[in-house]
Amino acid sequence: MNKSVYDSPDQVSETKRHILTVLVDNEPGVLARVIGMFSGRGYNIDSLNVAEVSNDENISRITIVTHGTSEVVSQIEKQLLRIVPVHSVTNLDQEGSSVEAEVALVYIYISDSNKKKVYQLCDLYRARKIENENNTTIFEIAGASERVNRFITEINEITKVEIVRSGPVAISSIQKNEEE
Amino acid sequence: MNNEITGAEIVLKSLAEQGVEVVFGYPGGAVLPIYDTLFKQNSIKHVLVRQEGGAIHAAEGYARSTGKTGVVLVTSGPGATNVVTGLTDAMMDSVPIVCITGQVPQHLIGSDAFQECDTTGITRPCTKHNYLVKDVNKLSSVFHEAFTIAQNGRPGPVLIDIPKDVQFASGTYEEKNKIIIPSHRLFEPSPDFEKNKIEEAVELISMAKKPIFYIGGGCINSGPKASELVREFINIVGSPVTMTLMGLGVVGSSDKNSLGMLGMHGMYEANMAMHECDVMINIGARFDDRVTGRLDAFSPNSKKIHIDIDESNINKTINVDVPIIGDVKQVVEKMISVWREKKYKIDTESLKIWWNKINKWKEIDCLNYNNEGKQIKPQYAVQRLYELTKNTKTFITTEVGQHQMWAAQFYKFEEPNRWLTSGGLGTMGYGFPAAIGAQVGHPDALVVDIAGDASILMNIQEMSTAIQYRLPVKIFILNNEYMGMVRQWQELLHGGRYSESYTDSLPDFVKLAESYKAIGLRAKTTDELDDVITQMIETKNTVIADIWVTKEENCFPMIQSGSAHNEMMLSKDQKQDKKSAEKGKILV
């Protein structure tokens with residue numbers, strides 16, 4: 001159950017990670033409305049991503065990774081739908097099968113002693129070196145968050161790094177008809 | 001272009017097309033163009049309040065007593081921040097409001113200009129939706145959408161922030177019927193969509209042995225027809241019914257099926273029936289914590305049906321068996337027709353046993369109080385007020401606290417929309433401006449604000465408004481020189497340490513009234529009470545009736561925080577068990 005003044009009587013289900021994709025009208029303040037709902041009602045945002053959708057510039061897609069019991073997440077979905085510019089909310093975990101990916105950019109402190117190991121690991125994870133004017137070692141890795149996590153753990157064991165991550169985006173992988 | 005008009009004119013034209021008759025407001029630098037346009041027309045009346053907080057509560061009172069949308073007009077900065085409490089109040093109690101705020105001109109936004117504030121940022125969580133209008137050509141469509149959103153689905157407040165340059169700019173006006181609002185921005189439930197759920201619910205009711213209807217403010221928001229249908233359905237079933245604070249009046253107090261209000265200060269029989277029922281039919285209520293008491297002991301053996309227009313209320317605090325999303329009027333109409341079609345009959349034998357049990361609970365006489373002596377008991381004052389006003393078309397508003405609960409317990413409401421109180425937010429200072437709004441909407445009705453001595457001082461400046469517009473609002477103060485409810489909690493939970501709850505240096509309310517050229521009356525003893533009330537009703541002027549009541553009276557029955565429905569406290573002598581008292585202390 002959700003929060004209330006009183007302790008909840010029901011069995012609480014397990015806390016899980018959920019990816020919500022929220023389609024919204026691309027209007028000022030819409031992101032603040034969504035984020036404000038989370039902070040105002042005490043829900044968690046693990047990561048958040050906003051971009052226009054490809055076929056309609058008036059609509060944006062917000063991808064939110066959150067965690068909570070299924071009751072809490074269902075309440076989050078319903079609260080999101082109350083926001084006027086929100087078109088739809090899809091919980092990709094509930095839908096069963098979806099594909100997710102994120103991008104990380106990794107600045108690697110490199111020296112002659114670790115160079116070989118670094119390049120081997122990057123090769124293994126298919127991380128791509130990004131050319132840049134300062135000729136520093138910056139790699140890009142894309143894929144499921146799990147994979148990026150593993151890469152970061154391993155590279156950390158070799159040398160010092162700085163990392164930025166986009167947070168995941170996800171899409172349903174269920175087959176759809178043309179009209180939909 | 002010839003057909004272009006100014007932004008300020010678009011504002012007034014939009015209001016006129018939306019059928020707005022009255023605006024509650026307060027002028028200031030950033031809304032001067034709108035006030036200038038207001039000056040040049042006669043179709044919309046403006047009520048000048050004395051503080052913006054009063055404007056929005058007045059608009060709430062107007063909206064809730066008339067069923068129309070309340071409109072507020074205030075300036076930028078402090079004008080906007082002063083309405084925040086009222087917006088939150090309207091949000092919690094689902095009151096349709098359109099609030100227009102001025103904003104500094106666009107080129108100054110973000111510069112910390114004089115009387116600038118981030119109005120849309122501040123009001124985002126306390127409105128259903130808000131707008132900052134940057135393009136004068138979008139102004140009319142924003143207004144029409146705002147009115148629709150305020151009234152649509154679960155009603156609520158909508159705010160429109162208009163920079164001063166947009167009020168001066170010229171643009172085109174678009175009529176209401178030219179505006180297409182995308183469907184995702186509205187909520188249009190269809191009872192057909194929930195057909196199976198409705199059938200399931202009706203079948204469940206037909207099999208109930210111990211049913212109870214639990215009625216909330218949603219029934220009132222759904223319109224007077226909804227209340228009629230709810231009464232009809234309850235009559236068909238023959239079931240007992242209890243109402244929340246916000247639902248009072250949906251079923252008349254004198255109705256044979258009515259058990260009165262439930263919850264923290266509700267009726268013993270209502271709470272016991274909720275606890276022991278086997279089928280609970282929640283129509284337009286939201287399992288508020290004032291109603292449920294301790295959740296793990298809330299109506300443990302019942303199947304629960306929940307009809308609500310706002311899906312987020314479903315399974316929010318209480319898990320239900322049959323949720324139905326929709327408008328009360330449409331859903332209940334459908335329920336009645338299903339009941340008739342399937343020729344359902346409730347088990348009358350079981351129902352009789354159920355009623356016998358309830359009647360036993362009624363014998364406890366939970367509202368009983370000791371009415372000895374010359375001093376006026378607050379309960380008695382409300383009872384007399386009811387007796388002397390029951391044959392008049394009367395609207396009752398309240399502030400927040402003990403007097404509010406006594407009003408809910410002892411004033412008998414027979415119709416919806418006659419009872420205006422701040423339920424969700426519990427805003428002291430609501431009642432008087434709300435009464436002003438109700439009186440504006442119903443010039444010939446009797447409007448009484450049942451107030452406490454502390455609450456009334458929160459918006460006492462509106463006396464000036466009432467006098468200016470010749471609004472014969474009656475303020476009926478149950479004066480105990482305490483913040484009574486705070487004092488009661490301190491007595492019960494904090495060892496009687498009355499920290500800051502005594503209101504020293506109260507004004508002489510009679511002289512206060514006179515200083516505004518209103519009528520001031522006072523009753524100190526029971527002998528004087530009826531005369532004062534009669535005089536108050538008969539006076540065609542604003543009246544403050546200062547009723548001196550016993551100072552340390554407590555409001556009972558009471559479910560203390562942390563307790564369950566079947567653990568009601570009927571008097572001071574009955575102590576809560578220590579464990580739940582300790583647990584309850586940290587709650588609100």
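Chain B divides into domain 1 (5–172), domain 2 (195–363) and domain 3 (378–548), according to its domain assignment. This is a predicted model. The C-alpha centres of domain 1 and domain 3 of chain B lie 29 Å apart. Their contact takes 25 residues from domain 1 of chain B and 27 residues from domain 3 of chain B.

**Domain 1 side of the contact in chain B**

- Elements giving two or more residues to the side of domain 1 of chain B that touches domain 3 of chain B are β2 (22–25), β3 (45–48), α3 and α5 of chain B.
- Helix α3(B) provides the largest share of that side, 11 residues.
- By class, that side of domain 1 of chain B holds nine nonpolar, 11 polar and five charged residues.

**Helix α3 of chain B**

- Helix α3(B) covers residues 52–66, which makes 15 residues.
- Its end C-alpha atoms are 21 Å apart, which agrees with the 21 Å expected because each residue should add 1.5 Å.
- Burial is extensive in α3(B): 14 of its 15 residues are buried.
- B:Gly67 follows α3(B) and has a positive phi, near 85 degrees.

**Helix α5 of chain B**

- Helix α5(B) spans residues 84–92.
- Its buried residues include B:Thr85, B:Gly86, B:Leu87, B:Asp89, B:Ala90 and B:Met91.
- The cover over the buried residues of α5(B) includes α3, β5 (97–103), α6 (119–123) and β7 (157–163) of chain B.
- Helix α3(B) thus appears twice: it is among the elements covering α5(B), and it gives the largest share of the domain 1 side that touches domain 3 of chain B.
- Just after α5(B), B:Ser94 takes a positive phi of about 55 degrees.

**Strand β18 of chain B**

- Strand β18(B) runs over residues 474–479, and six of its six residues are buried.
- In a regular strand, side chains alternate between the two faces of the sheet.
- One side of β18(B) carries B:Lys474, B:Phe476 and B:Leu478, and these are all buried.
- The other side carries B:Ile475, B:Ile477 and B:Asn479, also all buried.
- Strand β17(B), residues 446–452, runs parallel to β18(B) and is joined to it by five bridges.
- Within that pairing, B:Ile450 has B:Phe476 as its bridge partner in β18(B).
- Strand β20(B), residues 543–548, also runs parallel to β18(B), with six bridges between them.
- There, B:Asp546 in β20(B) is the bridge partner of B:Ile477.

**Domains of chain A**

- The domain assignment of chain A gives domain 1 (16–91) and domain 2 (99–170).
- The C-alpha centres of these two domains of chain A lie 29 Å apart.
- Seven residues from domain 1 of chain A and six residues from domain 2 of chain A make up the contact.
- On the side of domain 1 of chain A that touches domain 2 of chain A, the elements giving two or more residues are β1 (16–25), β2 (47–53) and β3 (56–68) of chain A.
- Strand β2(A) gives the most to that side, with three residues.
- That side of domain 1 of chain A has three nonpolar, four polar and no charged residues.

**Confidence in chain A**

- Chain A has a mean pLDDT of 89, and 91% of its residues reach 70 or more.
- Among the elements of chain A, helix α1(A), residues 30–40, has the highest mean pLDDT (97).
- Strand β9(A), residues 169–172, has the lowest among those elements (90).

Technical notes
Residues numbered from 1 in each chain as written. Chains lettered and ligands numbered in written order. Predicted model: local features only at pLDDT ≥ 70, side-chain atom pairs only at ≥ 80, totals over all residues. Buried ≥ 20, exposed ≤ 12 C-beta atoms within 10 Å, placed from the backbone. Helix = DSSP H or I, 4+ residues; strand = E, 2+ residues; numbered from the N terminus. Pairing = 2+ DSSP bridges. Expected span 1.5 Å × (residues − 1). Domains from an automatic or database assignment. Contact = placed C-beta atoms within 7 Å. Nonpolar A, V, L, I, M, F, W, Y, C, P; charged D, E, K, R; others polar. pLDDT = per-residue confidence, 0-100.
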